[in-house]
Amino acid sequence: MGMSVTISAATEQDAEQIFRLQYLCFQSEAALYGNYRIDPLVQTLDSVREEVAADCVFVARLGDEVVGSVRGRVAEDGAASIAKLCVHPRLQGHGIGGRLLRAAESALAGERGAKRFRLHTGHRSESNLRLYRRVGYETVGTSRGADGVLMIVLEKPAETYATTA
């Protein structure tokens, strides 16, 4: 009998596993752009620890292994930025990313008062764009990452998270 994947709030003990998972997961994104200096690949472990301590961070676990993560924070204007959603390559395509996204949306709206959700993904990241559009995000613009990658900016009102959960 196999174990099931559980979603829970991250703890400081998860930071190193999140850091390693992020590095593994974002290799394919870097390859899409021929740019291995994208933010998730150059972020430090200390910075991940700071995000786990301060932000809304969820992990997906398979037993004791962190196999997915997502982070979010609410700005003063009520917009919640959701970032660095990743799922271990061997477990992609099983709904774990959607579950992580819903957990973050729920906490950001319910506990932290988010009025809308915003996220960025690379313009060539078709599977990411499909997921985000499937759960109600709409393109609102573009931006350039510090690494030069063209990013699609997507948003949705916070009240819609309940209908996509």
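This passage describes the overall build of a predicted protein model and then looks at three of its residues. Local features are reported only at pLDDT of at least 70 and side-chain atom pairs only at pLDDT 80 or more, while totals for chains, interfaces and linings use all residues. Residues are numbered from 1 along each chain as its sequence is written, and side-chain values use heavy atoms, with hydrogens and water left out.

The protein contains seven helices and seven strands; these are DSSP runs numbered from the N terminus, with helices being H or I runs of at least four residues and strands E runs of at least two. Along the sequence, they appear in the order β-α-α-α-α-β-β-β-α-β-α-β-β-α. For 165 residues, a compact globule would have a radius of gyration near 15 Å, and the value of 15 Å found here agrees. That radius is taken over C-alpha atoms, and the globule rule is 2.2 Å times the number of residues to the power 0.38. Along the principal axes, the C-alpha atoms fill a box of roughly 40 × 40 × 30 Å.

Of the 165 residues, 45% are buried (buried means under 20% relative accessible area, exposed over 50%, and partly exposed in between, with a 1.4 Å probe and protein chains only). Contacts, meaning heavy atoms within 4.5 Å, often span the sequence: among those between residues at least 6 apart, 62% join residues at least 24 apart.

Asp-55 sits in the loop between helix 4 (45–54) and strand 2 (56–62). Its relative accessibility is 12%, so Asp-55 counts as buried. The side chain of Asp-55 makes a polar contact with the side chain of Arg-73 at 2.8 Å. Such a contact is a pair of N or O atoms within 3.5 Å; within protein, one must be able to donate a hydrogen and the other to accept it, and residues adjacent in sequence count only if both atoms are side-chain atoms. Not counting residues up to four places away in sequence, Asp-55 touches Gly-72, Arg-73 and Arg-112.

Thr-121 belongs to strand 5 (residues 116–122) and is buried, with a relative accessible area of 4%. Its side chain makes a polar contact with that of Asn-128 (3.0 Å). Leaving aside neighbours within four places in sequence, the residues in contact with Thr-121 include Leu-129, Tyr-132 and Ile-152.

Lys-84, in strand 4 (residues 79–87), has a positive phi, near 55 degrees. Most residues other than glycine have a negative phi. At 14% relative accessibility, Lys-84 also counts as buried.
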